[in-house]
Amino acid sequence: MKFYITTPIYYVNSEPHIGSAYTTIVADIIARYKRFMGYDVFFLTGTDEHGQKVLQAAQQAGKDPQEFCDELAEKFKQLWKELKITNDYFIRTTDEMHMKTVQEFVAKMKENGDVYKGIYKGWYCVPCETFWNEDEVIKEGEEHFCPECKRPVKWVEEENYFFRLSKYRDPLLKYYEEHPDFVEPDFRRNEMLKILEGGLKDLSITRTTFKWGVPMKDDPEHVIYVWVDALINYISAIGYGWNDEMFNKWWPADLHLIGKEINRFHSIIWPAMLMSVGLPLPKKVFAHGWLTVNGQKISKSLGNAIDPRFFVKRYGNDVVRYYLIRDIMFGKDGDFSEERLVHRLNSDLANDYGNLLHRITAMIKKYFNGRLPSPSAQEGLDSWLKERFFETKDAYHELMDSYRLTEALDKIWEFIADVNKYFNDTKPWILGKEGNMERLGTVLYNSLEAVFKVALMTLPVMPDTSKEVFRRVSFEEKPSKEHLENWGVLKSGSTVIHGEPLFRKIDAKDFKKV
Ligand code: ME8
């Protein structure tokens, strides 16, 4: 069982922000979940370093473009390390192997009769690295703006090579029909279908007015369009053209995770390129929504780019990861708010989860000398609790497998509420006072086993917290699916540590809004 997951490769025109971190964190959560489920996972991320946007940023910084890219790529790598991202490889489009693969790929498209020379006349948006037709741009008097990012576009008139994208409209429509889950969510799929139904124009895939890119193999005056160069990263990284065995193992990708604004490149242009060279298409493209700050898209030019390090330092990595997935419905747009983050920390994490563990371990310490008691005869709410666990676990798998990550967390927190109810309703403090050790032992065992199950299910989202829970309950195995399948994994008699609360509550008065 293999699973190949990718993030977009990020432009190195500026430092990473919470937006790039968001996609990378989500991909990390899915990769960790699949590993937990026993899959052999390849998780790819990297940087997109060619094109005018990056070149201009290097020029503005007064730096040689390669040197500029080296510095920025390092910042991305460093941030992913700090955020404990478990990518298996980091690709850069200036890597020699990648550049060679791009040249060969385009040469093959040409050999197959899909690339021809022509004159491009039209608009170009440098921030989006996108060509636009006259009827697509926004006109205000003499000025023309990008329909995507609303910034000014430039008129381009040059001899380019074109890709016969139009030829792939019908094959793509057929593919969409035969693979209804190819693009998700479904409203994003419908947007793509609309574009396909409207017809496709051939795409300019080279430029001659600057040099910062991959030169075409037999016409090096032309550098290959940055998007064509970038999309090929998904196969160059896993051996296409240089390691067949590795390539055949991982391709096709199981999931390209992207933001909604680059869906057309991934769900139309990339599949057409793959069809042109005769490669299978990725199994799924999932286009998630945008994080906004006060309703505005995060961008460096708006000056509202948020550095994830700030929040990680202030609240912890797991808290930031939890907040992003729980509070922002995965797939939709959502506003990043420190106030909401603090609310989630205080109520979901500290009160519902951390405090529950704290109460259980305190009683095990007090009545059983810090050793996990054995469960005895099941009665009262015991079977209800177990039933609730098995329902939750089944729903969890279904939701995680269909990337409904927010709903998966919702389900887990419903279960946490039930464990709290179980603990409150069975009144272990009274059982203790009455000296009913047998019943008390059963209640505490069940409660702790339930919290252990929560730690297993939240492991992909909050890896450090779960590891801490495992340490406290003396669970020393490599956590895997099997531990989630059965009830009663914790060993009676093992040491239970009653430590500091898992999460520290923040007094709303103590934080300054950013
Ligand atoms: O588009 N909210 O790179 P890029 C959510 N190099 N996600 C966001 C976001 C936000 N506010 N801002 C950025 C490129 N992202 C190309 C990709 S792939 C072959 C080439 C995330 O640096 C989201 O995943 O502009 C988005 O699609 C991506 O970063 C864009 O990154």
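Three strands make up an open sheet here, in the order E17-E16-E18 and with mixed pairing. Its edges are strand E17 (296–297) and strand E18 (334–335), each of which pairs on one side only. Keep in mind that this is a predicted model. Below is a quick tour of that sheet, a second set of strand pairings, the ligand shell, a cysteine cluster and two helices.

**The E17-E16-E18 sheet**

- Strand E16 (residues 291–293) runs parallel to E18, and two bridges hold the pair.
- For a concrete contact point, look at Thr 292, whose bridge partner in E18 is Asp 335.

**Strands E4, E8 and E10**

- E4 and E8 are antiparallel, with ten bridges joining them.
- Along that pairing, Gly 118 sits opposite Asn 160 of E8.
- E8 also pairs with strand E10 (residues 203–204), again antiparallel, by way of two bridges.
- In that second pairing, Phe 163 has Leu 203 of E10 as its bridge partner.

**The cysteine site**

- UniProt, in an unreviewed entry, puts a "binding site" feature at Cys 125, Cys 128, Cys 146 and Cys 149.
- These four are spread over 25 residues of sequence, yet they cluster in space, with a largest C-alpha distance of 8.6 Å.
- Cys 125 belongs to strand E4 (residues 115–125), while Cys 146 lies in the loop between strand E7 (143–145) and strand E8 (154–163).
- Cys 125 counts as buried because it has 23 C-beta neighbours inside 10 Å, where 20 are enough.
- Cys 146 also makes the buried class, because its count inside 10 Å is 21 C-beta neighbours.
- Setting aside residues up to four places away in sequence, Cys 125 touches Thr 130, Trp 132, Cys 146, Glu 148, Cys 149, Arg 151 and Val 153.
- With neighbours within four places in sequence left out, Cys 146 is in contact with Cys 125, Cys 128, Trp 132, Val 137, Arg 151 and Val 153.

**The ligand shell**

- If you're setting up the pocket, the ligand is surrounded by 20 residues, and the closest are Pro 8, Gly 19, Thr 23, Asp 48 and Gly 259.
- By class, the shell holds twelve nonpolar, five polar and three charged residues.
- At least two shell residues each come from strand E1 (2–11), helix H1 (18–36), helix H7 (226–231) and strand E14 (255–259).

**Helix H1**

- H1, one of the elements that supply the ligand shell, has 19 residues and reaches 26 Å from its first C-alpha to its last, close to the 27 Å expected at 1.5 Å a residue.
- Of those 19 residues, 16 are buried, so H1 is largely enclosed by the rest of the structure.
- Just after H1 comes Gly 38, with a positive phi of about 95 degrees.

**Helix H4**

- Helix H4 (residues 96–111) has 16 residues, which should span 22 Å at 1.5 Å a residue; the end C-alpha atoms are 23 Å apart, so the two values agree.
- Its buried residues include His 98, Met 99, Thr 101, Val 102, Gln 103, Phe 105, Val 106 and Met 109.
- As background for reading that list, an α-helix has 3.6 residues a turn, so residues three or four places apart point the same way.
- Gly 113, just after H4, takes a positive phi of about 80 degrees.

Methods:
Residues are numbered from 1 along each chain as its sequence is written. This is a predicted model: local features need pLDDT of at least 70, side-chain atom pairs count only at pLDDT 80 or more; totals for chains, interfaces and linings use all residues. A residue is near a molecule or strand if its C-beta atom, placed from the backbone, lies within 6 Å of it. Helices (H or I, at least four residues) and strands (E, at least two) are DSSP runs, numbered from the N terminus. Ala, Val, Leu, Ile, Met, Phe, Trp, Tyr, Cys and Pro count as nonpolar, Asp, Glu, Lys and Arg as charged, and the others, Gly among them, as polar. UniProt positions are given in the numbering used here, feature names are shortened, and annotations may be inferred rather than shown by experiment. A residue is buried if 20 or more other C-beta atoms lie within 10 Å of its own, exposed if 12 or fewer, and partly exposed in between; C-beta atoms are placed from the backbone. Two residues are in contact if their C-beta atoms, placed from the backbone, lie within 7 Å. Two strands pair if DSSP finds at least two bridges between them. The expected span of a helix is 1.5 Å times one less than its number of residues.
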